[in-house]
Amino acid sequence: MKITGETIEKTTIIDSISYKKQFSNYQNLKAEVSILKQLLTKQGYIDTSIEKIAKINDSLFEAKLYLGNKIKKLRLFINSELKQNHPNLLTNYNDKNYIDIEIKDLNTYLNNLNLKMTENGDPFSSLQLINHTKLTTDIISAELIINSNKKRRIDHIIIKGYEKFPKSYLTYFLKLKSGKTFNLNTIKKKTELLNNLQFANKIKDPEVLFTEDSTSLYIYVEKSKTNIFDGFLGFGTNEDTNKIEFDGYLDLRLINNLNYGETLNLYYKSDEIDQQTLKIDTELPYIFSLPIGIQIGLNLFRKDSTFLNASQYAKINYLINPRNKVSIGISSTKSTNLLESDSDILNDYTANYYTIQYNHLKTEPTDLLFPINFWFNFLSGYGNRDNNLGSQKQSIFTLDTYKIFNLNRKNSIYTRLNSAKLTSDNYLDNELFRFGGINSIRGFEENSIVAHLYSVLNTEYRYRLSNSLYVHSVFDAAYFENKLNDSKEKLFGFGFGIGLITNAGLFRLNYSSGKTENTSFKLSDSKVHLSLTASF
């Protein structure tokens with residue numbers, strides 16, 4: 001088929017549009033000419049008509065089109081009643097009663113108007129242009145008519161699949177509740193947040209049932225395995241005794257067992273230098289049907305037969321949105337000297353702090369190996385330490401943050417910064433920070449480093465061998481200060497590791513060794529750690 005216009009120039013315009021030229025039958029040929037006519041109309045040739053389709057010979061047809069002048073703009077008029085009924089929809093008109101629109105942009109403009117109507121709760125609205133008039137050779141005018149229906153609001157929200165899903169998460173986590181204006185696109189975006197929850201995930205997109213007088217929203221959710229067990233076993237050779245020593249920890253998190261979104265954590269650690277740590281805490285979100293939660297906890301730490309610290313804390317959390325949370329709270333620590341006599345650097349004390357905390361979390365729900373992409377947690381506290389030597393004003397700051405930088409599908413870089421500082425005019429040994437080990441700077445004994453100020457940088461280059469297996473390097477660096485012995489030191493850790501997801505959970509095997517900047521300061525050791533993280 002060959003298509004021509006009324007002039008050579010118009011034929012060139014037709015040829016610039018790619019159209020099909022070979023057909024198996026006459027009906028398909030006629031349909032292609034009609035499609036071409038519609039395309040030319042959208043480009044501004046609104047007078048386009050099909051003058052004839054003639055058969056030249058057995059294998060060739062010729063179609064002749066009349067294009068006319070190209071219309072470049074449409075002047076779209078609206079009446080005052082339309083402005084008054086839709087003040088938020090037609091904001092770009094200002095004080096005029098019309099707007100000039102390029103013909104090529106007309107479909108986009110009308111689609112956007114229709115989308116806004118849907119977002120305003122009227123998914124069955126329609127737009128119409130009437131009273132077309134040619135103003136000049138390249139400008140036409142038309143009047144906009146909006147056919148509106150009754151504004152739709154969400155009347156009922158029905159959970160399918162996990163009927164005991166905590167209702168407070170609908171209101172404050174997803175921000176969905178009855179009475180809100182219906183907007184399906186917004187609802188779909190909000191239900192995507194379900195995949196950020198540890199205890200539930202979305203099965204499929206939400207669905208809507210419209211009746212004459214109500215709108216019912218169906219959300220499809222399934223309950224996930226929420227309880228998490230995490231533990232590791234470490235072993236290494238003592239450089240002094242040449243004996244193998246073991247250390248390890250247990251981290252148990254029970255999540256949403258009561259279908260309230262609650263969390264109960266149990267943490268226990270015992271290491272080779274005779275230190276034991278026990279932490280128990282619980283968090284209750286969205287209490288009293290408000291975006292507020294409470295968190296309470298107990299920490300016990302014993303250093304061989306030297307001292308015992310018992311700490312309690314309570315926090316009120318304000319859940320800004322699914323990713324951000326701020327907290328205010330109080331904490332109290334009572335330390336008992338287990339030795340026969342007190343000293344200037346080791347004696348009983350009681351410390352009380354007022355704290356403020358901010359937490360940010362960004363997840364990657366579809367990534368089984370690395371489900372958390374970014375974590376940020378900052379805490380500051382101000383208070384007093386009291387003992388038989390008097391009262392001492394103190395402040396404490398802690399920062400724990402990590403980020404995974406994905407270079408491509410297989411390669412990524414993991415970085416973590418963990419820092420803490422205790423500010424005081426004088427210090428006691430039993431109030432200082434203790435760090436080192438698999439969850440701090442690797443290659444050093446667990447909690448073997450004592451400081452009033454420290455900062456640890458962990459880095460890993462990770463290579464994903466499959467969706468369930470990866471290998472990584474270990475390079476850690478740390479700096480700390482301890483005013484009790486007037487020491488300042490830089491530490492380094494090196495090693496490699498492997499991670500594997502099985503039906504039992506995530507297994508991690510790490511080998512690392514450490515070294516110090518000051519070779520006379522013997523902290524380094526070679527360590528192997530085997531850990532398991534499992535959900536049940």
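Start at isoleucine 280: with 35% relative accessibility, it counts as partly exposed (between buried, under 20% relative accessible area, and exposed, over 50%; 1.4 Å probe, protein chains only). The model is predicted: local features need pLDDT of at least 70, side-chain atom pairs count only at pLDDT 80 or more, and totals for chains, interfaces and linings use all residues. Numbering runs from 1 along each chain as its sequence is written, and side-chain values use heavy atoms, without hydrogens and water.

Isoleucine 280 sits in strand S14, residues 275-284 (strands are DSSP E runs of at least two residues, helices H or I runs of at least four, numbered from the N terminus).

Now select glutamine 275, also a residue of S14. Glutamine 275 is buried, at 1% relative accessible area. A polar atom of its side chain lies 3.2 Å from the backbone oxygen of asparagine 447. Leaving out residues up to four places away in sequence, glutamine 275 touches eight-residue company that includes Phe301, Arg434 and Glu446 (contact: heavy atoms within 4.5 Å).Move to helix H6, residues 184-191. Ile187, Lys190 and Thr191 are buried there. They cover an arc of only 95° around the axis, so they lie on the same side of H6 (the arc is that of the directions from the helix axis to the C-beta atoms). Show strands S9 (200-210) and S10 (215-223) next: the buried residues of H6 pack against both.

Step back to asparagine 183. Asparagine 183 caps the N-terminal end of H6, with a side-chain oxygen 3.2 Å from the backbone nitrogen of asparagine 185.

Terms used: A polar contact is a pair of N or O atoms within 3.5 Å; within protein, one must be able to donate a hydrogen and the other to accept it, and residues adjacent in sequence count only if both atoms are side-chain atoms.
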